[in-house]
Amino acid sequence: MDAQTLTVSAEPTSARAYVRATPVPAMAPPATTVGALGWVRTNLFPSVGSGILTVLLLVLLGWIAMWLIEFLIIDAVWTGSDREACLPTAERPDIGACWAYIGDRFAYIVYGSYPIAGRWRVDVFFAMLAFGTAWLLWLEAPRRDIGSIYFFLFLPVASFVLLHGFESIGLPVVDTALWGGVTVTIVVAAVGIVVSLPIGVVLALGRRSRLPAIRLLSTLFIEFVRGVPLITVLFMASVMLPLFVPDSWSPDKLLRALIGVALFSAAYMAEVVRAGLQSIPKGQYEAAHALGLSYWQSLRLIILPQALKVTIPNIVNSYIALFKDTTLVFFVGIFDFLKTIEVARVDPKWATPVTSATGYIFAALVYFVCCYAMSRYATGIEKRLATGEKR
Amino acid sequence: MTVGAGATIPPPYSPPQAGEDRSKHPPPRAGEGGTAVEITGLHKWFGDFHVLADINLTVGRGERIVICGPSGSGKSTLLRCINRLEDFQRGEIIVDGMVLTRDVRRVDAIRREVGMVFQHFNLFPHLTVLENCTLAPIQVRGMPKREAEERAMHFLARVKIPEQARKYPNQLSGGQQQRVAIARALCMSPKLMMFDEPTSALDPEMVKEVLDTMVALALDGMTMLVVTHEMTFARQVANRIVFMDAGQIIEVNEPAPFFANPQHERTKLFLSQILH
Amino acid sequence: MGAVPFYRDPKLRGLLLQAVLCAAIGLLAYGAVHNAAENLARANIASGFGFLNVTAGFDISQNLIDYSPQASTYGRAFLVGLLNTLLVAGIGIVFATILGFTIGIARLSKNFLAERLATGYVELIRNVPLLLQLLFWYNAVLKALPEMAASIVLPGGFILNNRGLFTPRPLFADGGQIVAVLGGAVVAAVLFNVATARVERLQRAIVVRIAAIVVIIVGIPVAAFLAGGAPFAFEYPEIGRFNVRGGSEVLPEFVALLLGLSIYTAAFIAEVVRAGLKSVSPGQTEAAQALGLRRMQTLRLIVIPQAMRVIIPPLTNQYLNLTKNSSLAVAIGYPDLVQIAGTVLNISGQAVEVVVITMAVYLSFSLITSLVMNIYNARYALVER
């Protein structure tokens with residue numbers, strides 16, 4: 001049977017045979033479906049109902065944006081020395097955020113009641129911490145193993161000496177009751193971060209152990225700590241710890257809070273690490289043992305590197321939660337960043353209707369920037385790991 | 001059951017076998033002729049990528065069309081345009097006399113008459129096999145539950161697994177699941193059945209049972225549009241074979257001349273690659 | 001093959017390790033208890049739970065059961081606190097679920113604005129500490145409400161000012177009417193379920209369902225009211241000079257806590273819902289659509305049942321988190337369990353017992369939730385080969 005060659009036509013083909021004579025010329029899609037117009041059509045107005053929703057949301061968004069810009073920028077007061085600057089007057093009935101107040105109290109918010117002469121020590125601590133963090137977080141940094149030693153061993157000791165003081169080398173002791181503000185928040189968060197991962201790994205391994213006593217103890221500890229609110233753990237550390245130690249020790253208030261936060265965070269970290277360990281296929285354990293590696297060697301060289309790598313996003317999420325939880329030391333009398341904002345808020349020198357809102361918005365911005373940055377880092381790591389898996 | 005090599009390709013409609021009662025489940029309106037699907041000047045872009053270009057195709061009632069071609073040629077996309085699982089920008093599709101528009105009611109009406117079987121079965125895992133089959137008749141056609149269940153058992157018997165009715169899909173083998181998918185589509189009494197690579201995800205020993213089911217369906221007079229790589233099936237059952245490449249229809253022919261004497265360069269290349 | 005020296009035998013080593021560990025912990029515990037006993041004796045604080053029967057002597061601003069500072073005991077104070085916790089947690093769970101599901105579904109919307117706004121909400125709320133949000137709601141929003149004299153009066157007789165929300169209080173002639181109303185509601189719910197089960201099959205189900213709802217849910221309680229005797233009245237709040245007379249009061253602390261908890265938890269629930277909906281493979285929706293099911297039917301019959309399996313476990317975890325987070329009530333003075341425990345601890349000095357009671361309560365919450373989760377998982381897991 002001869003094939004009939006039909007030219008490209010618009011007529012439907014019911015012929016028994018057909019062969020395409022000329023290929024279809026390149027054509028551009030209709031204008032309304034691509035480019036900016038097309039994007040608007042598909043994403044904002046795909047249907048009548050959706051279009052109405054878009055309009056409503058645009059109105060809502062515009063209203064919120066306008067209110068925010070007015071409050072935070074246009075009507076805000078940037079300079080001033082006391083409440084007079086931020087009170088509504090006849091000429092200026094609408095007052096926005098009182099940034100002058102934040103500027104005035106800034107030193108207190110950052111350093112707390114740390115003696116002014118010693119504030120350089122806090123600055124050095126911040127710098128060292130930033131350096132260590134950048135070293136570990138930058139995945140292409142050289143000799144990150146030294147970085148780990150720096151971060152997990154050298155830094156804690158150096159920070160303690162700097163912040164707390166050490167008489168013999170000329171650094172006067174500064175009682176922890178004077179520490180406050182951002183300093184305390186960073187100290188609590190840093191200690192929590194540094195301590196919770198190793199303890200968490202130990203607990204996770206304990207929970208997976210074949211030895212029943214160890215497994216039981218680890219499980220009990222983890223489930224107990226995870227089952228109660230952090231605030232009760234802090235109360236327990238704060239109120240009960242002094243009872244359980246000999247009278248002569250009288251542990252420092254900050255230390256008690258640190259212990260509470262560290263243990264709490266370690267329990268949650270343990271679950272995160274355990275999930276990571278569980279995701280390692282059994283074949284890895286078997287291969288390591290078949291090669292003759294001991295339990296600890298296979299753990300250190302094969303299992304943990306893989307498990308930790310896989311759970312880095314969840315570990316960072318755990319750290320974000322820890323960072324947010326530092327605010328709870330509020331309840332045991334520690335003057336963290338949020339508490340200094342609270343104290344500054346009720347300062348009579350700055351009593352205006354907008355002081356509270358300004359303080360809270362400032363605090364919210366700081367926390368948001370820090371936590372969001374951490375979560376973007378986690379997402380970035382996740383993507384990098386995913387591409388590593390792709391062929 | 002297989003059709004032997006020497007048998008002729010069955011005509012579009014076969015009269016009822018002796019003793020067979022078709023009054024309850026009538027086949028498509030054969031003998032009246034008419035078209036099941038009419039596609040005119042169909043173009044589809046995905047962003048800037050021209051996925052389907054100038055598709056013209058008419059499928060008569062009772063006809064069996066096999067669409068083949070290399071991967072990425074747009075075969076599945078074409079099927080999915082017909083029941084509007086995918087959108088298209090230019091051209092016209094007429095199914096069972098109804099023009100396919102964006103109107104939701106028209107789309108629903110067309111989907112009621114078009115059955116589709118997917119490569120990965122897509123059975124509903126939280127429902128039993130029987131519930132999978134009765135769901136649409138009850139919800140879409142408003143059929144009472146008992147009647148829907150009778151109907152479902154009839155079609156499950158047709159695909160030869162009535163005893164699995166109370167089981168859940170994950171308890172069945174791949175071949176059984178695909179047969180349930182076929183029965184599920186048949187329960188809606190569609191005028192046209194579309195198959196999107198129905199055996200590609202199956203283990204080799206289960207391909208035959210599904211193909212046999214499809215052949216039986218064909219012999220009953222169902223209009224079928226099948227995207228597949230199974231060329232023996234195509235040879236046995238198809239009225240026409242459509243070869244697509246890069247979104248365009250390259251060649252259409254009846255099976256014998258198609259395999260024996262391909263005309264276009266690309267058809268020759270494709271056939272040389274898959275028939276070794 | 002010779003005997004393995006004991007320090008190389010893994011089994012023996014394991015046993016040894018466990019023995020050493022238990023001994024160490026035992027020693028520590030003994031030391032701790034010994035010190036505690038010494039310290040407590042020195043402070044003249046008796047051990048044991050007998051203090052629960054001592055008169056409390058402090059007032060509680062919100063009590064769901066009878067409580068008076070002079071007559072009620074510490075034990076009863078704890079109970080009041082527990083009920084307050086359950087109240088705010090229960091209502092918070094309802095609000096958070098509704099809001100969370102809405103935002104979660106909006107995050108999967110094809111409408112760009114809806115998706116972006118929902119994402120913005122989730123990112124903002126999840127990255128700001130809950131305590132800060134609570135303080136914000138309480139100090140910056142609720143405290144900013146007008147004074148008594150300038151109270152906002154809402155339609156329906158509600159009065160809103162910086163002392164709280166005052167609502168009309170229904171007066172019942174006797175307890176019997178409460179029973180009648182509640183009974184009527186229960187009967188209505190049962191009949192509603194029966195009616196809609198049959199209505200499933202019919203086309204035009206929506207219209208019939210609405211009619212059924214109206215008839216059953218309104219009709220039966222009305223009948224119960226009429227059958228109960230005298231119709232009841234509302235006691236409306238009135239603004240006085242320093243106080244509001246009549247009506248019921250909703251504390252601003254309660255509202256702030258409820259708002260803060262609901263909004264915070266809703267952001268997490270939204271993520272859980274989004275993950276659940278995404279876990280249902282798109283092939284399921286395609287198959288349903290290919291069969292002719294409409295969008296709502298597909299959602300209701302195919303997507304949501306499968307998504308719920310993935311959603312429910314982390315969802316109950318979020319409920320538990322909400323309950324635990326309600327302990328932050330201490331910051332704004334809402335009398336929940338932890339706040340009252342703190343007060344009792346300060347007054348009585350019974351640190352160990354108070355902390356034990358508080359932790360025991362929360363551990364029970366966790367335990368019950370775990371149990372319920374296990375039962376649920378066992379029953380509703382997808383049946384596999």
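This report describes the chains, domains, interfaces and nonpolar cores of a predicted model.

**Chains A and C**

The table sets out the values for the two chains.

| Chain | Residues and buried share | Share of contacts (separation of 6 or more) between residues 24 or more positions apart |
|---|---|---|
| Chain A | 391 residues, 31% buried | 64% |
| Chain C | 385 residues, 31% buried | 66% |

In chain A the secondary structure amounts to 14 helices and two strands. The radius of gyration of chain A is 30 Å, whereas the globule rule gives 21 Å for 391 residues, so chain A is more spread out than a compact globule. The C-alpha trace of chain A spans about 105 × 80 × 40 Å along its principal axes. Chain C, for its part, holds 11 helices and eight strands.

**Domains of chain A**

Two domains are assigned in chain A, with domain 1 covering residues 45-97 and domain 2 covering residues 103-389. Taken over C-alpha atoms, the centres of domain 1 of chain A and domain 2 of chain A are separated by 36 Å. The contact between them draws on seven residues of domain 1 of chain A and eight residues of domain 2 of chain A. On the side of domain 1 of chain A that touches domain 2 of chain A, four residues are nonpolar, one is polar and two are charged.

**The interface between chains A and C**

Where chain A meets chain C, the contact involves 44 residues from chain A and 43 residues from chain C. On the side of chain A that touches chain C, the elements giving two or more residues are helix 1 (35-44), helix 2 (48-74), helix 8 (212-227), helix 9 (230-244), helix 13 (337-345) and helix 14 (355-389) of chain A. Helix 14 of chain A provides the largest share of this side, namely 10 residues. Sorted by class, the side of chain A that touches chain C consists of 33 nonpolar, eight polar and three charged residues.

**The interface between chains B and C**

Chain B also touches chain C, through a contact that takes 24 residues from chain B and 21 residues from chain C. Helix 2 (104-113) and helix 3 (129-139) of chain B each contribute at least two residues to the side of chain B that touches chain C. Of the elements on that side, helix 3 of chain B gives the most, with four residues. By class, the side of chain B that touches chain C comprises 12 nonpolar, eight polar and four charged residues.

**Nonpolar cores**

The largest nonpolar core has 142 residues, and the members that touch the most others are L234(A), L131(C), L134(C) and L257(C). Helix 7 of chain C, residues 252-279, gives the most to this core, with 15 residues. A second, separate core of 87 residues includes I67(B), V95(B), I110(B) and F124(B).

The surroundings of L234(A) can be followed within its own chain. Once its neighbours within four places in sequence are set aside, L234(A) is in contact with A257(A), G260(A), L328(A), V329(A), F331(A) and V332(A). L234(A) thus joins two parts of the description, being among the residues of the largest nonpolar core that touch the most other members, while its listed contacts include L328(A) and F331(A).

Terms used:
Residues are numbered from 1 along each chain as its sequence is written. Chains are lettered from A and ligands numbered from 1 in the order in which they are written. This is a predicted model: local features need pLDDT of at least 70, side-chain atom pairs count only at pLDDT 80 or more; totals for chains, interfaces and linings use all residues. A residue is buried if 20 or more other C-beta atoms lie within 10 Å of its own, exposed if 12 or fewer, and partly exposed in between; C-beta atoms are placed from the backbone. Ala, Val, Leu, Ile, Met, Phe, Trp, Tyr, Cys and Pro count as nonpolar, Asp, Glu, Lys and Arg as charged, and the others, Gly among them, as polar. A nonpolar core is a set of buried Ala, Val, Leu, Ile, Met, Phe, Trp, Tyr and Cys residues joined through C-beta atoms within 7 Å. The radius of gyration is taken over C-alpha atoms; the globule rule is 2.2 Å times the number of residues to the power 0.38. Domain bounds come from an automatic or database domain assignment.
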